[in-house]
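User: I've got a model open and I'd like to learn how to read it. Can you walk me through a few features, general idea then the actual case?

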Amino acid sequence: MGEKKDEGKKEEKKEKKDEGKKEDTNDEEKKEEKQDEEKHDEEGNEVVDYSNVEVPSSLQSLCRYVETTLKPQGKIMTFNIEKEVFGADRGTFVLHEDITQFAGMEEIGATVVAVYMRCLYDILREANMCSMVGFIDPAQVSANAGSLTDRSRIVASRLQKTDGEQIFMMPYNPGRHWVLLIVRAKRETVYFLDPLPGNRVVDEEGKNTVNNALKIYNSHIGRPGGKAPIWKTLPGTPKQPSSVECGYYVMRFMRDIIMDPSLEFEKKFAKGKDQAPYPQAAIDEVRKEWAEFVCLHME
């Protein structure tokens with residue numbers, strides 16, 4: 001009888017323990033369901049919590065504007081890039097997806113890069129360097145923008161405005177990757193800066209776009225065009241740590257170059273094969289400047 005009684009108690013304890021486990025499991029499931037509900041709005045759209053995201057304060061402000069205004073009201077941010085930046089007035093717009101991708105250090109598109117070039121133009125203007133450095137619109141010359149002939153003409157049009165030793169920065173995307181081309185028309189020299197490690201070369205389409213543009217430029221200034229342009233790869237740039245940072249690195253390359261009034265970027269980036277990545281603080285500086293400029297256009 002004693003043994004049966006003990007067995008009954010053990011069985012009772014086991015049942016209570018199992019019930020406790022079930023309750024714990026149910027509580028966990030309810031907790032997860034609640035967290036999942038908090039991550040989505042009434043329409044089922046994902047809601048991003050930016051409170052714990054480590055981003056510059058200006059970018060956090062922009063993210064809050066996305067959640068409180070742009071997404072709920074279905075708005076976009078529109079503004080104008082003046083003629084002096086790319087050679088022609090250009091209206092552009094930033095979508096809420098552009099901002100959230102930028103905040104999350106995801107892949108970025110040509111509009112995001114072009115907006116940062118507009119920020120850099122202010123730095124050039126303040127330093128009286130506009131006659132030394134010009135920009136070519138990445139949205140008009142990357143691989144998915146029109147025909148190769150059209151792109152070459154756009155590049156040539158910018159080069160025709162060159163003043164002596166002026167260089168032109170041309171962020172270029174051959175397809176889901178950003179590189180930086182720097183065109184020095186007077187010397188018929190093109191520099192290639194790639195944030196990916198390894199012995200990289202520019203793709204043929206990008207090369208043909210610029211080479212054809214230089215032919216048009218030579219014809220415009222009456223210079224014999226029999227000589228092939230010189231292409232120089234600068235392997236000493238910092239290298240991106242994974243597959244998504246290329247756009248941020250190209251933006252930082254441009255910033256580093258114009259911050260040196262001597263423009264000795266060839267010397268700076270010529271040496272070294274396996275360079276370390278930029279510290280995150282260097283990339284965040286670029287993100288902060290981009291966000292501050294875009295914040296000026298919040299309604």
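Analyst: Sure. Let's start with a cut-off: a residue is called buried when its relative accessible area is under 20%, and exposed when that value is over 50%. Keep in mind that this is a predicted model.

User: Then is M105 buried or exposed?

Analyst: Buried, because its relative accessibility is 17%. You'll find M105 in the loop between α4 and α5.

User: What is the sign of phi at M105?

Analyst: General idea: most residues other than glycine have a negative phi. M105 has a positive one, about 55°, although it is not a glycine.

User: Which other loop residue should I look at for that?

Analyst: Try E188, another residue that isn't glycine, with a positive phi near 50°. E188 sits in the loop between β5 (179-184) and β6 (189-193). With a relative accessible area of 6%, E188 is buried.

User: Back to the helix just before M105. Which residues of α4 are buried?

Analyst: In α4, which spans residues 96-103, the buried ones are D98, I99, F102 and A103. They lie on the same side of the helix, because they cover an arc of only 125° around its axis.

User: And what covers the buried residues of α4?

Analyst: Several elements do. Among the helices are α2 (57-73), α5 (110-126), α9 (246-258) and α11 (280-295). Strands β1 (77-81) and β2 (90-94) also contribute to the cover.

User: How do I zoom out from there to the whole chain?

Analyst: Begin with the inventory: the protein chain has eleven helices and seven strands. Of its 299 residues, 42% count as buried. Then ask how far apart in sequence the contacting residues are. Counting contacts with a separation of 6 or more, 67% are between residues 24 or more positions apart. For the outside, the accessible surface is about 16,400 Å², and carbon and sulfur atoms hold 47% of it.

User: What about the inside? Which residues touch the most other members of the largest nonpolar core?

Analyst: F135, I257 and W290 do, in a core of 60 residues. The element that gives the most to this core is α5, with ten residues. Apart from it there's another core, of 20 residues, including Y172, A185, V190 and A213.

User: What is F135 in contact with, beyond its neighbours in sequence?

Analyst: Leaving out neighbours within four places in sequence, the list includes V85, F86, M117, L120, Y121, L124 and M254. R158, F168 and M169 are also contacts of F135.

User: How should I read a glycine inside a helix, say G206?

Analyst: Check its accessibility, then its contacts. G206 is found in α8, residues 204-221. It counts as buried because its relative accessibility is 0%. Setting aside neighbours within four places in sequence, G206 is in contact with Y172 and W231. Also look at A143: it is 63 residues from G206 along the chain, yet their C-alpha atoms are separated by 7.3 Å.

User: Last one: how many cavities of 30 Å³ or more does the structure hold?

Analyst: One. The largest cavity has about 30 Å³ of space. Its lining is made up of D256, I257, D260, E264, F265 and K268. Helices α9 and α10 (265-270) each supply at least two of the lining residues. You've already met I257, one of the residues that touch the most other members of the largest nonpolar core.

Terms used. Residues numbered from 1 in each chain as written. Predicted model: local features only at pLDDT ≥ 70, side-chain atom pairs only at ≥ 80, totals over all residues. Heavy atoms only, no water. Buried < 20%, exposed > 50% of the residue type's maximum accessible area, 1.4 Å probe, protein only. Helix = DSSP H or I, 4+ residues; strand = E, 2+ residues; numbered from the N terminus. Arc of directions from axis to C-beta. Contact = heavy atoms within 4.5 Å. Areas by Shrake-Rupley, 256 points an atom, 1.4 Å probe, with all protein chains shown as cover. Core = buried A, V, L, I, M, F, W, Y, C linked by side-chain atoms within 4.5 Å. 1 Å grid on protein atoms, 1.4 Å probe; cavity = no way out; pocket = protein on both sides within 12 Å on 5 of 7 lines; lining within 4 Å. Points joined across faces, edges and corners; volume = space filled by probe spheres on them.
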